[in-house]
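Student: I have a chain open on my screen and would like to understand the labels people put on it. Could we go through them together?

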Amino acid sequence: MDLFLETPQRQAERMLRQQQRLMEMQMQGAAAQPFAQNVVPAAVPAAVPGCESAPEAYSVQQDSYAQELAFDKHRARRRRWAQRLRTLAMIVLIPLGLAAIFLASYALTCILNGASPNEVLQHLAALGQRLGDVAATIRASWES
């Protein structure tokens, strides 16, 4: 991805501007401490006098790459969490959906066979009672 990469011409112009600023600061007697952060080695043109003691130059490429890398790591972390949540939702929602479909089809079958609403509720209550009995039997066999 070449969106944030400098061309060699722009990099040379930026280096020349930084060196000129550095020389101005040295002429004024100020220390060049702000340039000590986020530095990378860079080629210094030999035509500029006093460049041997110049601090290393700041690289826009390195800074933009670090920002892109941090964003990419954050996005990957977010994707992993989203995938985990989707998996957990599928584990929970698929059985619940199947149970809802089963209950709806059971009730519709009862209605198609001519059951009244009260009889449908009685059938559903009996189904719930049978499921509770099965769960109690499984629990009792598990404990023993």
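Student: In what order do the elements of the chain run from the N terminus on?

Tutor: The order is α-β-β-α-α, which gives three helices and two strands. Helices here are DSSP runs of H or I with at least four residues, strands are E runs of at least two, and both are numbered from the N terminus. Do keep in mind that this is a predicted model, where local features need pLDDT of at least 70, side-chain atom pairs count only at pLDDT 80 or more, and totals for chains, interfaces and linings use all residues. Residues are numbered from 1 along each chain as its sequence is written, and side-chain values use heavy atoms, with hydrogens and water left out.

Student: Which elements have the lowest and the highest mean pLDDT?

Tutor: pLDDT is the predictor's confidence in each residue, from 0 to 100. Strand β1 (residues 39-40) has the lowest mean, 48, and helix α3 (residues 117-143) the highest, 94. The chain averages 82, and 77% of the residues score at least 70.

Student: What should I make of residues 35-42?

Tutor: Their pLDDT stays under 50, although the model has 17 contacts for them beyond four places in sequence; a contact means heavy atoms within 4.5 Å. Where pLDDT is low, the predicted coordinates should not be read in detail.

Student: What makes the span of α2 agree with the expected one?

Tutor: The expected span is 1.5 Å times one less than the number of residues. For the 53 residues of α2 (residues 60-112) that should be 78 Å, and the end C-alpha atoms are 73 Å apart, which agrees. Helix α1 (residues 8-28), with 21 residues, reaches 30 Å, close to the 30 Å expected.

Student: Why are Arg14 and Leu22 of α1 called buried?

Tutor: Buried means under 20% relative accessible area, exposed over 50%, and partly exposed in between, with a 1.4 Å probe and protein chains only. Arg14, Met15, Gln18, Gln19 and Leu22 are the buried residues of α1. Seen down the axis of α1, these fall within an arc of 135°, so they line one face of the helix; the arc is that of the directions from the helix axis to the C-beta atoms. On the other side, Gln9, Arg10, Met27 and Gln28 are exposed.

Student: Which residues are buried in α2, and what covers them?

Tutor: Ser64, Ala107 and Cys110 are buried, and their cover includes α3. In the chain, buried residues make up 12% of the 144 residues.
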